[in-house]
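Subject: The structure we talked about

Hi,

Here is the structure I promised to pass on. Have a look at it first, and then read my notes underneath.

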Amino acid sequence: MKNYAVLMEIPSADIQQRATELRSLLQQASYAYYVLDAPSLEDSVYDRLYRELQDLETHYPALVTPDSPTQRVGEKPASQFISVRHNIALYSLENAFSLAEFAAWEERWRRLEPDIGAAPAVAELKIDGNALALSYENGILTRGVTRGDGVTGEDITQNVKTIRSIPLRLKLHNPPPQIEVRGEAFLPLDVFEQINQDREAAGAALFANPRNAAAGTLRQLDSRIVARRQLDFFAYTLIIPGWHQALELEHPAPSHPLPATQQNSLELLQKLGFRVNPNRQLCQSAQEIEDYYQYWATERSRLSYLTDGVVVKLDSLELQDRLGFTQKCPRWAVALKYPAEEAPTRVINITVNVGRTGAITPVAELQPIQLAGTTVSRASLHNADRLSELDIHIGDTAVVRKAGEIIPEVVQILPELRPADAVPFALPTHCPECGEPVVKPEGEAVTRCVNCSCPAIVRGALIHWASRDALDISGLGEKWLQQWVSQGLVESIADLYTLTVETLMPLERMGQQLAQKLIEAIAQSQQKPWSRVLYGLGIRHVGSVNAQLLSEQFPTAEQLGAATAAEIEKVYGIGPEIAQSVHQWFRLPANQVLVQRLAAAGVQLAAKVSSATSQPQPFTGKTFVLTGTLPTLKRSEAKTLVEAAGGKVTSSVSKKTDYVVAGEEAGSKLEKAQQLGVAILSEADLRSLAD
């Protein structure tokens, strides 16, 4: 190996060239080893070349680049992780726990697209790991973020760089400005077992399962610890916003068209340098999907990683775009789960919870058991229909499992083990919190208390309002809120803003300093953005992701309250059920009074408008599709013009499209717009409307 210590501090052209060659060779070797599983260099050779590059960069720091293999592990531990907002929200997947539920999912999306015949789908094994969103700028990895709540996650870029199957630089000659890749970080089973052996030898607590171990690893502040734990990664989603040209792959050199299908996306991801699960299949029918599911039900025990099901995604990206999203999930994908681990235990008691929407939920109190690495002592019984179906008695032996390996549920009762003194159970006819009669609305399975003054409903609304994803009121926990409701200090979320230090001081265990902190925390919540306020209102079916989408299209509570259900449904990702729920909520006089009181209290019911965006927004709430070659505007320039005027640009034409901007050689998108009766604009029309 050459000794570079005696060389000048400014590297010569030869040394710069050598560093470039070493980076390229090491990147190719990593790709061959970690992605293709076909090593191209002996370990000893790789190590010598890596050390040579490391020596070069040590003596000539100017040679260090963000994509250098030496930059995978940081020298100093991070002090904390910063919460960041995702460029594009990460939606959850709908779960199907049987083939019958899978068939019901298919029936639902086909009702939205009744003219679709055969619809190929890609079946992929569902990795039991942790989702990551990776951002690349001009082909270089710039950010790695955990899923978090789907809207915001934690920036763990330094830890992500330690994962060898994640490229620091994409294999592209002329990369687009932005590329985002989604995938799953996981621990291989042999690595997990070794970690637990090491922890046991050191007297440390063992990890319950590989998923928990991977999650804990990703949140290590010292990336050197993360590197030692050898996380792996499978990529499954590719997003290239606003990019309409071919991609120039590194090897081979010819341009590659942008993917039109999920299968194309996975193939392209591998060419870009990612590891993609090889155990996937393009299925032409539901029977082929079932065969794939049944095959891996037994064969998954041979895999080197854990999988808890099969993810099915409709192959056509255009069809995916047309189907869109529900409140939480894409309509075009489903997770077909394998049966969860089950175990028998005794039902000690049955209690009833009243939720913030008034839902009466029976809960089985169980003799504690171990399921999927955690202790389970309670399980939801859902509703009256489920109670009747189970015929559950206090004292019964119940078979319990974790639905989606998260939520415990009672699968069945073993009547042959029922003791003679077992007590049958039925839901109460009156709310256990307020004593008012409960009702079961027509068409719903849930029994509800409809008394809006019910302490449980008030308490639930307050807890939701103060929660982290809503107004995030520091220090205002469930115990304080329960006390305030029980003593009549607050009867709605608006009452929080009428409290004073003097009001709180007489309460048990409440000192002046604590009272002052709580009042200050409540006051600080007045500055939280409109999107969080909207989520905090607790409107049925409106989660944090949908609240963000709605707040962007309706930047004030007044505008959202005045919108029709049809106007709300036009928001990308908002379905008819959500739209109707929001519309009805704002129609209720009690809710109108609540909004007025919150406004008077200084709560933010409008998005803050910066001076840069204070100009008129004539395209607010409008969706555009650009097609063909425009006379003077590039596609990116036309997109910028639309977005600057408050509009949204999508890639395909649907019933929700407001305008199609068509240039020369517009093709099939123009034809579809004409069939659907969508307004067609020229470039001149677009400019005129935007002014």
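Below is what I found, going through sheets, helices, aromatic rings and a few backbone angles.

Before anything else, please keep in mind that this is a predicted model.

**The sheet and the helix across it**

A good place to begin is the open sheet of five strands, ordered S2-S13-S12-S3-S11, with mixed pairing. Its edges are strand S2 (94–96) and strand S11 (280–283), each of which pairs on one side only. From one strand to the next, the twist averages 30°.

Inside that sheet, strand S12 (residues 307–314) and strand S13 (residues 333–337) run antiparallel and are joined by five bridges. If you want a spot to zoom in on, Val-310 sits opposite Leu-336 of S13.

Helix H8 (residues 262–272) lies across S3, S11 and S12, and it runs at about 55° to S3. Quite a few H8 residues are buried: Gln-262, Gln-263, Ser-265, Leu-266, Leu-268, Leu-269 and Leu-272. Just after the helix comes Gly-273, with a positive phi of about 120°.

**A hairpin**

Further along the chain, strand S14 (residues 342–354) and strand S15 (residues 360–371) run antiparallel, with seven bridges between them. One residue to look for is Asn-353, whose bridge partner in S15 is Thr-361. The two strands make a hairpin with five residues in between, and Gly-358 in the turn has a positive phi of about 90°.

**Aromatic rings**

I count 12 aromatic pairs in the model. Tyr-293 and Tyr-338 make a stacked one, at 4.6 Å centre to centre and with 15° between the planes. This pair links distant parts of the chain: Tyr-293 belongs to helix H9 (residues 286–299), while Tyr-338 is in the loop between S13 and S14, 45 residues apart. Are these two tyrosines, Tyr-293 and Tyr-338, buried or exposed? Tyr-293 has a relative accessible area of 7%, so it is buried. Tyr-338 is buried too, at 6%.

There is also an aromatic cluster made of Tyr-91, Phe-325 and Trp-332.

**Two helices that cross**

Next, go to helix H20 (residues 576–587) and helix H21 (residues 589–600), which pack with their axes 5 Å apart and at an angle of about 80°. Angles of 65 to 115 degrees count as roughly perpendicular, so H20 and H21 fall into that class. On the H20 side the contact is made by Trp-585, Phe-586 and Arg-587, and on the H21 side by Pro-589, Asn-591, Gln-592, Leu-594 and Val-595. Sorted by class, that contact has five nonpolar, two polar and one charged residues.

**Two unusual phi angles**

Most residues other than glycine have a negative phi, which is the background to my last two items. Asn-138 has a positive phi, near 50°. You will find Asn-138 in the loop between strand S4 (130–137) and strand S5 (140–146). Its relative accessibility is 53%, so Asn-138 counts as exposed.

Arg-509 is the other case, with a positive phi near 60°. That residue is in the loop between helix H14 (501–504) and helix H15 (512–524). Arg-509 counts as exposed because its relative accessibility is 66%, the cut-off being over 50%.

That's the tour. Shout if anything is unclear.

Cheers

Methods: Residues numbered from 1 in each chain as written. Predicted model: local features only at pLDDT ≥ 70, side-chain atom pairs only at ≥ 80, totals over all residues. Heavy atoms only, no water. Pairing = 2+ DSSP bridges. Helix = DSSP H or I, 4+ residues; strand = E, 2+ residues; numbered from the N terminus. Axes fitted to C-alpha atoms, helices over the stretch in contact; angles between N-to-C directions. Contact = heavy atoms within 4.5 Å. Phe/Tyr/Trp six-rings, centres within 6.5 Å; stacked < 30°, edge-to-face > 60°. Buried < 20%, exposed > 50% of the residue type's maximum accessible area, 1.4 Å probe, protein only. Parallel < 35°, antiparallel > 145°, perpendicular 65-115°, else oblique. Nonpolar A, V, L, I, M, F, W, Y, C, P; charged D, E, K, R; others polar.
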